[in-house]
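Reader: Before I set up any calculation on this model, I would like a close look at a single part of it. Please take one strand and follow it outward to whatever it touches.

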Amino acid sequence: MTDHAAVQAALERLAVETPSWAYGNSGTRFKVFAQPGVPRTVREKLDDAATVHALTGAAPTVALHIPWDRVDDYGALAKYAEERGLRLGTINANVFQDDDYKLGSVTNPDPEVRRKALAHLLDCVDIMDATGSRDLKLWFADGTNYPGQDDIRARQDRLAEALRTVYDRLGDHQRMVLEYKLFEPAFYTTDVPDWGTSYAHCLQLGDRAQVCVDTGHHAPGTNIEFIVAFLLRARRLGAFDFNSRFYADDDLMAGAADPFQLFRILYEVRRGGGLDAGSRIAFMLDQCHNVESKVPAVVRSVMNVQEAAAKALLVDRNALAAAQASGDVLEANAVLMDAYNTDVRPLLAALRAEQGLDPDPVAAHRASGRQERVAAERVGGEQAGWGV
Ligand code: PSV
Ligand code: MN
């Protein structure tokens, strides 16, 4: 039996953090296609994020990327966000877009470059103090392209040393989430290539070091829900970067390429208590909208996460446990599939209506004419995009 009140309460609680960079121009390494109405400033990115939150009621925080979102006064930026019903969320450090980082940032063989990278990470913690952010997200592009290029083990030592310094600088209420990615931009070794490496470093650091699972950062065919189940059991799953992929780190809309995978992941999240009140998992999007319109694409992604979560919440856990305990493989699989095959759109539409929102946020955005309005208003200046 499904407890509908509990499902509804969990869905009302579910908050998806949107990334500031999703609102800016982006592309592949071949071409960035500019779009009309793209924000020119961090504040305009926040205006777009506020629109997503107003439409969905489920995207109350925005992740910043430093230096893409560098401003003089972070306290003022936090206030600007607050006035629009938002909070500033995770601070993403960027130690991958400077010539000095060609051979790595915190693992660079040159101690001067390591010092510079570390200083940036510590600056990011200062920014967290000003914005009131809880999480510092670390992703390192560090690695090597050729066998023999650098000492693999020494690079782990350098990484551990930098992480320790940053961890010790965190306030009691702050956390570090360490993201992994199997390859790109390095092609031979990557210094944090997988969840195990991230987990091992986090274990050495302490409780407030947690793993960040970016769903696009695995080899094809990897069973991500296993990783999620393992990390939740170990109390080390801090955050998700949701996006979807067909080939590599495609950064497409969450739930677009493989909604069944997103459901399986969110079922393990639910199983591990991650959808319960008081859960500290950050559900972030980390994606780019290269060819599709950005604000509605972020809205669609939030809705896709909600739909997958709703289906995960509908799994009849008692029936599943009974089937599992009796070794009834077919029935256990059927219980899971019944939930996945449920059309949860009416349930979510009703929930939005109850919250005073339009049941169809994408249509509401189209009907509002905002896209045309901002395209007419945001003329001149330089559109935001990847790069500094
Ligand atoms: C790296 O591919 C990544 O997933 C990291 O989270 C970065 O901070 C982000 O993408 C934005 O480029
Ligand atoms: Mn990511």
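**Strand S8 and its surroundings**

Author: In this predicted model, strand S8, which spans residues 209-214, is mostly covered, with 6 of its 6 residues buried. Ala209, Val211 and Val213 point one way from S8, whereas Gln210, Cys212 and Asp214 point the other way, and all of them are buried. In a regular strand, side chains alternate between the two faces of the sheet.

The neighbours of the strand come next. S8 pairs with S6 in the parallel sense over 4 bridges, and within that pairing Leu178 stands opposite Val211 of S8. S8 is also joined to S9 by 4 bridges, and these two strands likewise run parallel; here Asp214 stands opposite Asp241 of S9.

Asp214 leads from the strand to the metal. The manganese ion (ligand 2) has as its protein donors Glu179 through OE, and Asp214, Asp241 and Asp286 through OD, at 2.1 to 2.2 Å from the ion. The site of this manganese ion is octahedral, with angles of 71 to 166° among its 6 donor atoms. For comparison, the ideal angles for six octahedral donors are 90 or 180 degrees. Read along the chain, the donors of the manganese ion follow the spacing E-x34-D-x26-D-x44-D. Because Glu179 lies in strand S6 (residues 175-179) and Asp241 in strand S9 (residues 237-242), this pair ties together parts that are 62 residues apart in sequence. Both Glu179 and Asp241 are buried.

Some of these residues also belong to the surroundings of ligand 1. Among the residues around ligand 1 are Glu179, Asp214, Asp241 and Asp286, and the list further includes Trp21, His65, Trp68, Lys137, Trp139, Lys181, His217 and Asp249. As for individual polar distances, an N or O atom in the side chain of Asp214 lies 3.0 Å from an oxygen atom of ligand 1, and a side-chain N or O atom of Lys181 is 2.9 Å from an oxygen atom of that ligand. For Asp241, a polar side-chain atom is placed 3.3 Å from an oxygen atom of ligand 1. Of the 310 Å² of accessible area that ligand 1 has on its own, the protein covers 95%.

Taken from the strand outward, then, Asp214 is a buried residue of S8, a donor of the manganese ion and one of the residues around ligand 1.

Notes
Residues numbered from 1 in each chain as written. Chains lettered and ligands numbered in written order. Predicted model: local features only at pLDDT ≥ 70, side-chain atom pairs only at ≥ 80, totals over all residues. Heavy atoms only, no water. Donors = N, O, S within 2.8 Å, 3.2 Å for Na, K, Ca; no water. Tetrahedral: all angles 85-135°; square planar, octahedral: opposite > 155°, others 65-115°. Buried < 20%, exposed > 50% of the residue type's maximum accessible area, 1.4 Å probe, protein only. Near = heavy atom within 4 Å. Polar contact = N/O pair within 3.5 Å; in protein donor to acceptor, adjacent residues only side chain to side chain. Areas by Shrake-Rupley, 256 points an atom, 1.4 Å probe, with all protein chains shown as cover. Pairing = 2+ DSSP bridges.
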